[in-house]
Amino acid sequence: MSTESRPVRQWLLTLPSLLWLVVFFVIPAILVIITAFRPANLQGGVGTGWTLATLREVQDPAYLPLLWRTLWLSGATTLVCLALALPVAFQMARTGERMRQVLLLLIVIPFLSNFLIRIFAWKSLLHPEGPLTKLLIGLHLIPENAVLLNHVGTVLLVLVYTQLPFAILPLYAAAEKFDFGLLDAARDLGAGPWRSFSKVFVPGVRRGLISASVMVFVCCLGQYVIPQMVGGTSDEMLGSKIAQRVFSDRNLPHASALAGGLMLAVLVPMLVVVLWQQFGRKEAE
Amino acid sequence: MDGFLVIDGVSKTFGAQRAVDDVSLTVAQGEAFSLLGPSGCGKTTLLRMIAGFERPDRGRILVGGQDITALPPEQRPVNTVFQNYALFPHLSVWENIAFGLRMSRRPREEIRSGVDRMLELVRLSEHARKRPTQLSGGQRQRVAIARALVNRPQVLLLDEPLAALDLKLRQHMLMELNTLHEQVGTTFIYVTHDQGEAMSLSDRIAVMNTGKVEQVDSPENLYESPRTSFVASFIGDANFFTGVAVEMQHEGYVRVKVEGLGSPLVLSNGEVSANQTLRLMVRPEKISLTLKRPPSGERVNAFSGVVEDMAYFGSHTRYRIRAGEHSILAQLQRSRFSGGEIDPARGAEVWMSFHPDEGRVVRLEATA
């Protein structure tokens, strides 16, 4: 194979995934952004002509607390997921081959049941008449009249529950490639178990941490089912509003403007991360 | 027991396997000491117990009089140069070397001067900012040594330090390690399966086999008077003969009757009684080859055989010679070929002779 044809071959190989991305991601995204500049019509569709009115509408300060809540809930979920997933990935990479397969299976099994069903399960588990509430009251761990549902903490808990596998899997993939002999070296050089973990293992799985963070954070940003089902009325996220504009208000341009704004809020940090990774790779060479 | 590093009756079992079996060793301060043996002999387990990665089932380990058996690795005055160097890939060379000092929370100024001094010692100052992956194998090894030595360990452990290097570099680093040991004066403990490495690096060597120490001695003594046939065959090449002691002479000389080779006179380290079955060892290069029968005498052991095979190695030639039941290995340096006789060819009848001092009685394996 000659050297000139190698780039051509690479292009041909990436073509299917490139087409897939363009057809199902780039074009719809552009359509969403275009819709934001169209007027809404009374039938719930999109009218003709162009307008900047929607863009002015979404600058409503009422959206700011929503945006802020969306960002901090996603951020907090990401941090909690990473904190839980790191030790899991560490242990999984160190256990024997068979046990590892079992653990991986256990992590993936929840995906076999429908996402909504799992959220419903949480709802009934945390219900005032549900088993968990009764158990905790019975053990006098929470007061008699405590409500576990409809709380921002509940939203965080269920978000962490749904996103945890997405943090564990990339971290485990990174931990599996980690040379655990480096931890011996760290101990040998005077680092205790905790400092060996934080100074050598954590930087060693840096790539996995970045992918896990992006996965969890981005997935959280678009959530609307969880806050709607287990959160209170004041725990809405931006996704809830987008859904509401689409399904109840039938105002597609408004929903598009919100979705486009959120998309930018996701893409800009991701672009930064990608550039950071590229920079890190160049530095390592 | 005095000594700087003391290993006192240490045993370690993994499952059903006795990895280290009641080993006791004493190493002096500043000594270069090697644990030598084939893979699975327990040398690495012993090293990991000194470093603190494994706990002995029985026995104690002392450094400078302090019992460190129960201490975790991070609290031991011992540092290790790992076989694959185990450099931290996310840190620069400079930060790798600084790691130990940072862990012991030394002042910034001390860390800076300590690391710079080490970089100079291993001649890597201009590579300080590079990542380990940007270095060659030899440079990486020097970083690993610097990273360990900067902590001023009382004992430096080196696990197969040259195994990952190619032949040329290995010979170069061999010299370098010796120079470094002289410069820093720290006690060096090498673990190696390579007898050549052990011989040229160490003041003394402990030869290990199946979890036990077979012999602890200087390289010269191990080579010239191995006590067991395992040591004799592991360090260098050796011919072994089994015979019966027939005549004891003064100063440890014994005449041993060997079937097919007459009754050579050899030297014994230990007590030997008449009619005892013995094992003799003669190094290939100690055997002289001649085409004519050498002049007989009290101090000459001579017997004849037929050249079966030969191989030319440049600096020397090796011959395999059949003498009755025995297949004997002899090695000749060209210049040493006495009397200017022509080289023996395949099938030629030759005479082999060796001096009684070159033949040794070694302990029989397992039965001893």
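Reply: A residue is buried if 20 or more other C-beta atoms lie within 10 Å of its own, exposed if 12 or fewer, and partly exposed in between, with C-beta atoms placed from the backbone. Before we use that, two notes on conventions. This is a predicted model, where local features need pLDDT of at least 70 and side-chain atom pairs count only at pLDDT 80 or more, while totals for chains, interfaces and linings use all residues. Residues are numbered from 1 along each chain as its sequence is written, and chains are lettered from A and ligands numbered from 1 in the order in which they are written.

Me: OK, let's try a strand. Which residues of strand S12 of chain B are on the covered face, and which on the uncovered one?

Reply: In a regular strand the side chains alternate between the two faces of the sheet. Strands here are DSSP runs of E, at least two residues, and helices are runs of H or I, at least four, numbered from the N terminus. S12(B) spans residues 253-257, with Val254(B) and Val256(B) on the covered face. Tyr253(B), Arg255(B) and Lys257(B) make up the uncovered one.

Me: What does S12(B) pair with?

Reply: Two strands pair if DSSP finds at least two bridges between them. Strand S11 (residues 239-248) of chain B pairs with S12(B) in the antiparallel sense over 4 bridges, and Met248(B) sits opposite Val254(B). S12(B) also pairs antiparallel with S13(B), residues 265-268, over 3 bridges. There, Tyr253(B) faces Leu267(B).

Me: How many residues lie between S11(B) and S12(B) in the hairpin?

Reply: There are 4, and Glu251(B) in that turn has a positive phi of about 60 degrees.

Me: Where else should I look for positive phi?

Reply: Most residues other than glycine have a negative phi, and most peptide bonds are trans. One case is His140(A), with phi near 60 degrees, in the loop between helix H6 (131-138) and H7 of chain A. Another is Arg105(B), near 50 degrees, placed in the loop between helix H2 (93-103) and helix H3 (108-121) of chain B.

Me: Are those two loop residues buried or exposed?

Reply: His140(A) is exposed, because it has 8 other C-beta atoms within 10 Å. Arg105(B) counts as exposed too, with 8 C-beta neighbours inside 10 Å.

Me: Now the inside. Which residues touch the most other members of the largest nonpolar core?

Reply: In soluble globular proteins, nonpolar side chains tend to be buried together. A nonpolar core here is a set of buried Ala, Val, Leu, Ile, Met, Phe, Trp, Tyr and Cys residues joined through C-beta atoms within 7 Å. The largest has 141 residues, and Ala85(A), Leu171(A), Ile97(B), Leu157(B) and Ile189(B) touch the most other members. Helix H7 (residues 152-177) of chain A gives the largest share of this core, 12 residues.

Me: What does Ile97(B) touch?

Reply: Contact means that the C-beta atoms of two residues, placed from the backbone, lie within 7 Å. Leaving out residues up to four places away in sequence, Ile97(B) has contacts including Val115(B), Met118(B), Leu119(B) and Val143(B).

Me: And how many residues of chain A are in contact with chain B?

Reply: 16 residues of chain A meet 19 of chain B. H8(A) gives the most to chain A's side, with 6 residues. By class, that side has 7 nonpolar, 4 polar and 5 charged residues. Here Ala, Val, Leu, Ile, Met, Phe, Trp, Tyr, Cys and Pro count as nonpolar, Asp, Glu, Lys and Arg as charged, and the others, Gly among them, as polar.

Me: How is each chain divided into domains?

Reply: The bounds come from an automatic or database domain assignment. Chain A has domain 1 (25-57 + 251-285) and domain 2 (63-244), with 27 Å between their C-alpha centres. Of domain 1 of chain A, 8 residues contact 7 of domain 2; on the domain 1 side, 7 are nonpolar, 1 is polar and none is charged. Chain B has domain 1 (5-230) and domain 2 (237-362), whose C-alpha centres are 39 Å apart. There, 5 residues of domain 1 of chain B contact 6 of domain 2.

Me: Last one: how many helices and strands are in chain A?

Reply: Chain A has 13 helices and 0 strands. Take H4(A), residues 97-108: its 12 residues reach 17 Å from first C-alpha to last, close to the 16 Å expected. That expected span is 1.5 Å times one less than the number of residues. H4(A) is hardly covered, with 0 buried residues, while 28% of the 285 residues of chain A count as buried.
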